[in-house]
Structures are given as C-alpha cells and as structure tokens.
Amino acid sequence: MTAQIIDGKAIAKSVRDQVAAEVARRTAAGKPQPTLATVLVGDRPDSAAYVTSKQKACAELGMGSVSHHLPGDASQQQVEALVKSLNDDPKINGILVQLPMPGHIDEERVLQLINIEKDVDGFSPLNIGRLAQKGREPLFVPCTPYGCIYLLEQSGVKIEGANAVVLGRSNIVGMPAALLLIGRNATVTVCHSRTRDLPDVVRQADILIAAIGRTEMVRGDWIKPGAAVIDVGINEIADPTKKSGRRLVGDVNFAEAVEVAGHITPVPGGVGPMTIAMLMKNTLHAAEIQNP
Ligand code: NDP
C-alpha cells in the first residue's frame with residue numbers, strides 16, 4: 001500500500017485564498033483592514049525570519065501588519081507596556097508575540113496580558129482553558145495544531161471514534177492537538193519522553209500526530225496499516241547532494257511510513273505551510289469579532 005500524500009502547500013493556499021477573498025470583501029464594504037501586530041524581542045535569526053514571513057503573508061492577503069522590535073535586553077516592563085498599548089489600539093486586531101523570548105522575560109506573564117480577542121496565536125491561558133473544557137470553544141485555536149486537524153478534515157480522514165496518538169505534549173503543538181482531537185470525539189493517547197513501549201502504543205493509532213523534534217524516529221513498522229500520519233517535526237540533517245549541504249526531515253521516517261500509512265504529510269510541504277495560513281485565518285477572525 002502506498003499512502004495518499006497530504007499536500008499541505010495546496011491546502012494552505014486554499015485557506016489563504018479564502019482569507020484574501022474575505023478580506024477584500026470586508027474592505028470593499030468599508031470595514032477597516034484586518035491588522036496584525038508582531039512583537040519580536042531580541043535578534044534570533046530564526047525568530048526574525050518567522051516574523052518576516054508572517055508580515056509578508058499579511059501583505060499578500062491584503063491585511064495590514066505593524067512590526068515592533070525590542071532589543072534583546074528589553075525589560076519585562078517594556079515588553080508588557082508594549083502589549084498593553086497594542087491591546088488598547090483599535091487599529092490592531094491580532095497580537096503575535098514571537099516565542100521564544102530572551103530568558104529573562106517571563107513569557108507566561110506576557111501571554112496572559114494579551115486581550116483574548118486579539119490572541120491570534122491562541123496561547124493565552126484563557127484560550128487554552130476553553131479548549132480544554134467540554135462544551136466550550138476557544139476564540140482562537142493555536143495555529144499549528146489547527147493546521148494538523150484541518151489537514152485531516154480536508155483529506156477526508158474520519159476523526160470521530162478513531163484511536164489517535166499524539167507524540168509530544170508541548171503547549172504549542174502536542175497538548176492543544178490532543179485537546180482538539182478529543183473535542184472531535186477521537187480517543188486520544190498522549191505520549192512523551194517517559195512513555196513506555198512507544199512503538200506498541202503508536203501501532204494502535206488510526207491517526208498519528210508526531211511532534212517530538214526527533215529525526216525520523218517513528219519507523220514504518222510502528223504504523224498501523226492505513227493510518228493517517230501527520231508529521232509536525234522539523235529536523236535538519238546533512239545532505240551532501242544539496243547545494244546547502246542540508247535538508248529538512250520530519251519525526252517520521254517518510255520512506256518507510258509511506259508504504260504502510262493511508263494518508264501522510266511530507267516534510268517539508270505538509271504541516272509547515274499550514275501554520276501561517278491558520279494565523280492569517282485567525283487574524284481575519286479577530287477582525288470579524290472586533291468589527292462585525
Ligand atoms: P518541544 O521540544 O516543546 O516538545 C517535544 C515533546 O516531545 C515533549 O513533550 C517531549 O516529551 C516529547 N519527546 C521528546 N523526545 C521524545 C522521545 N524520544 N519519545 C517520546 N516523546 C519525546 O517541541 P515542540 O512541540 O515545540 O515541537 C515539536 C516539533 O515540531 C519540532 O521538530 C518543531 O520544530 C516542530 N514544529 C513545527 C511547526 C510547524 O509549523 N510545522 C511549528 C512548531 C513546532 P517531554 O514532555 O516528556 O519532554
């Protein structure tokens with residue numbers, strides 16, 4: 001059996017096209033342009049690149065973006081004052097604080113400050129708390145797990161009643177992904193670094209979401225035949241055949257898993273493009289809440 005490849009690039013493009021069309025419709029109707037504020041503290045090149053690509057996506061979809069860059073030695077008070085001013089600014093619909101922030105900043109306190117109606121990353125404790133409660137809905141779903149579920153749904157994978165295994169329990173991927181699956185009536189097992197007999201647990205999965213950051217750790221013989229495999233991992237390995245000398249691979253051994261799974265996401269081109277697409281969707285949603 002060869003799995004159906006889930007084309008994250010194409011599905012992300014369809015989300016972006018829908019967002020762009022709705023933004024154009026709203027602005028033509030005289031509503032304010034949906035606008036995202038990004039907050040970057042320090043000079044991590046990867047964080048700066050992520051922020052730039054989010055701003056570029058806003059421009060491509062007809063949305064505004066306002067960039068705030070504080071130096072790496074900015075104080076807790078300065079970061080908090082900036083977030084508070086963005087909360088109070090009616091022109092700003094969404095606030096994205098790029099993580100990780102420098103070690104001396106208490107991220108939790110900063111995330112707690114973001115007005116829930118502007119929390120487009122979905123990381124504030126209020127949004128996560130709502131996600132965890134039966135019968136409650138968060139205003140915003142964290143972008144990467146939202147992208148994972150969207151890929152499953154668009155690929156026609158039945159979530160209700162499925163045995164789902166989530167590898168990883170981080171606040172930004174594993175745990176919200178597990179909560180989303182429970183909310184869609186899957187039976188969910190969450191695995192982490194202390195889980196025993198991991199291959200045996202994974203073999204029970206009709207749906208597997210792998211988010212551990214371990215190069216190709218999940219082998220083909222861990223996969224239940226026909227399972228849907230969503231590989232969130234982004235790991236760099238040496239590849240002398242590439243000009244850069246490197247390439248990206250996931251947490252799943254794709255070459256092996258593709259022979260067993262029913263559906264599978266590639267790395268790159270699977271979950272990666274979904275994260276920014278869902279951020280754009282959330283930013284539009286924020287504008288819809290604030291300017292109905
Ligand atoms: P974290 O490092 O925050 O969390 C990793 C999780 O995996 C932890 O829960 C950890 O367990 C668990 N884990 C680590 N090693 C093992 C192991 N050997 N066996 C079982 N569980 C293990 O990572 P993130 O959640 O932030 O990211 C995970 C991966 O997803 C990374 O490769 C990251 O680059 C990628 N990513 C991709 C995104 C995208 O847009 N495609 C967005 C965000 C992340 P424990 O809790 O016990 O420590």
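The legends below describe an overall view and several close-ups of a predicted model.

**Figure 1. Overall view of the chain and its two assigned domains.** The domain assignment places domain 1 at residues 30–118 and domain 2 at residues 142–273. Taken over C-alpha atoms, the centres of domain 1 and domain 2 are 29 Å apart. The secondary structure of the chain consists of 10 helices and 11 strands. The chain has a radius of gyration of 19 Å, close to the 19 Å given by the globule rule for 292 residues, so the chain is as compact as a globular protein of that length. Along the principal axes, the C-alpha atoms fill a box of roughly 55 × 40 × 40 Å.

**Figure 2. Burial, surface and charge across the chain.** Of the 292 residues in the chain, 49% are buried. Where contacts join residues at least 6 apart in sequence, 69% of them link residues at least 24 apart. The exposed area of the chain is about 13800 Å², and carbon and sulfur atoms supply 52% of this area. Side chains with a positive charge number 30 and those with a negative charge number 31. The centres of these two sets lie 2 Å apart.

**Figure 3. Close-up of helix α7 and the elements that cover it.** Helix α7 spans residues 174–183 and is mostly covered, with seven of its 10 residues buried. The buried residues of α7 are Gly174, Pro176, Ala177, Ala178, Leu179, Leu180 and Leu181. Their cover includes the helices α5 (125–132) and α6 (143–154). It also includes the strands β5 (163–167), β6 (187–191) and β7 (207–210). Just after α7 comes Asn185, with a positive phi of about 70°.

**Figure 4. Close-up of Thr38 in strand β2.** Strand β2 covers residues 35–41 and holds Thr38. The relative accessible area of Thr38 is 1%; because buried means under 20%, Thr38 is buried. Beyond its neighbours within four places in sequence, Thr38 is in contact with Val51, Gln55, Val66, Ser67, His68 and Leu96.

**Figure 5. Close-up of Thr144 in helix α6.** Thr144 belongs to helix α6, one of the elements that cover the buried residues of α7. Thr144 has a relative accessibility of 15% and counts as buried. When residues up to four places away in sequence are not counted, Thr144 touches Val173, Val232, Val271 and Thr275.

**Figure 6. Close-up of Lys9 and the residues it meets from far along the sequence.** Lys9 sits in helix α1, which runs over residues 8–28. With a relative accessible area of 60%, Lys9 is exposed. Lys9 and Gly272 are separated by 263 residues in sequence, yet their C-alpha atoms are 8.3 Å apart in space. Leaving out residues up to four places away in sequence, Lys9 touches Gly269 and Pro273.

**Figure 7. Close-ups of two cis peptide bonds, each leading into a proline.** Most peptide bonds are trans. The bond from Leu99 to Pro100 is cis, with omega near -5°. Pro100 is placed in the loop between strand β4 (94–97) and helix α4 (107–113). The bond that joins Val267 and Pro268 is also cis, and its omega is about 0°. Pro268 is placed in the loop between strand β11 (263–264) and helix α10 (272–290).

**Figure 8. Close-ups of Asn185 and Glu216, two residues with positive phi.** Most residues other than glycine have a negative phi. Asn185 has a positive phi, near 70°, and lies in the loop between α7 and β6. At a relative accessibility of 44%, Asn185 counts as partly exposed. Glu216 has a positive phi near 45°. The loop that holds Glu216 is the one between β7 and β8 (228–231). Glu216 also counts as partly exposed, at 29% relative accessibility.

Key: Residues are numbered from 1 along each chain as its sequence is written. This is a predicted model: local features need pLDDT of at least 70, side-chain atom pairs count only at pLDDT 80 or more; totals for chains, interfaces and linings use all residues. Side-chain values use heavy atoms; hydrogens and water are left out. Domain bounds come from an automatic or database domain assignment. Helices (H or I, at least four residues) and strands (E, at least two) are DSSP runs, numbered from the N terminus. The radius of gyration is taken over C-alpha atoms; the globule rule is 2.2 Å times the number of residues to the power 0.38. Buried means under 20% relative accessible area, exposed over 50%, partly exposed in between (1.4 Å probe, protein chains only). Contact means heavy atoms within 4.5 Å. Accessible areas come from the Shrake-Rupley method with a 1.4 Å probe; for residues, only the protein chains shown count as cover. Lys and Arg count as positive and Asp and Glu as negative; His and the chain ends are not counted. The place of a charge is taken as NZ of Lys, CZ of Arg, CG of Asp or CD of Glu.
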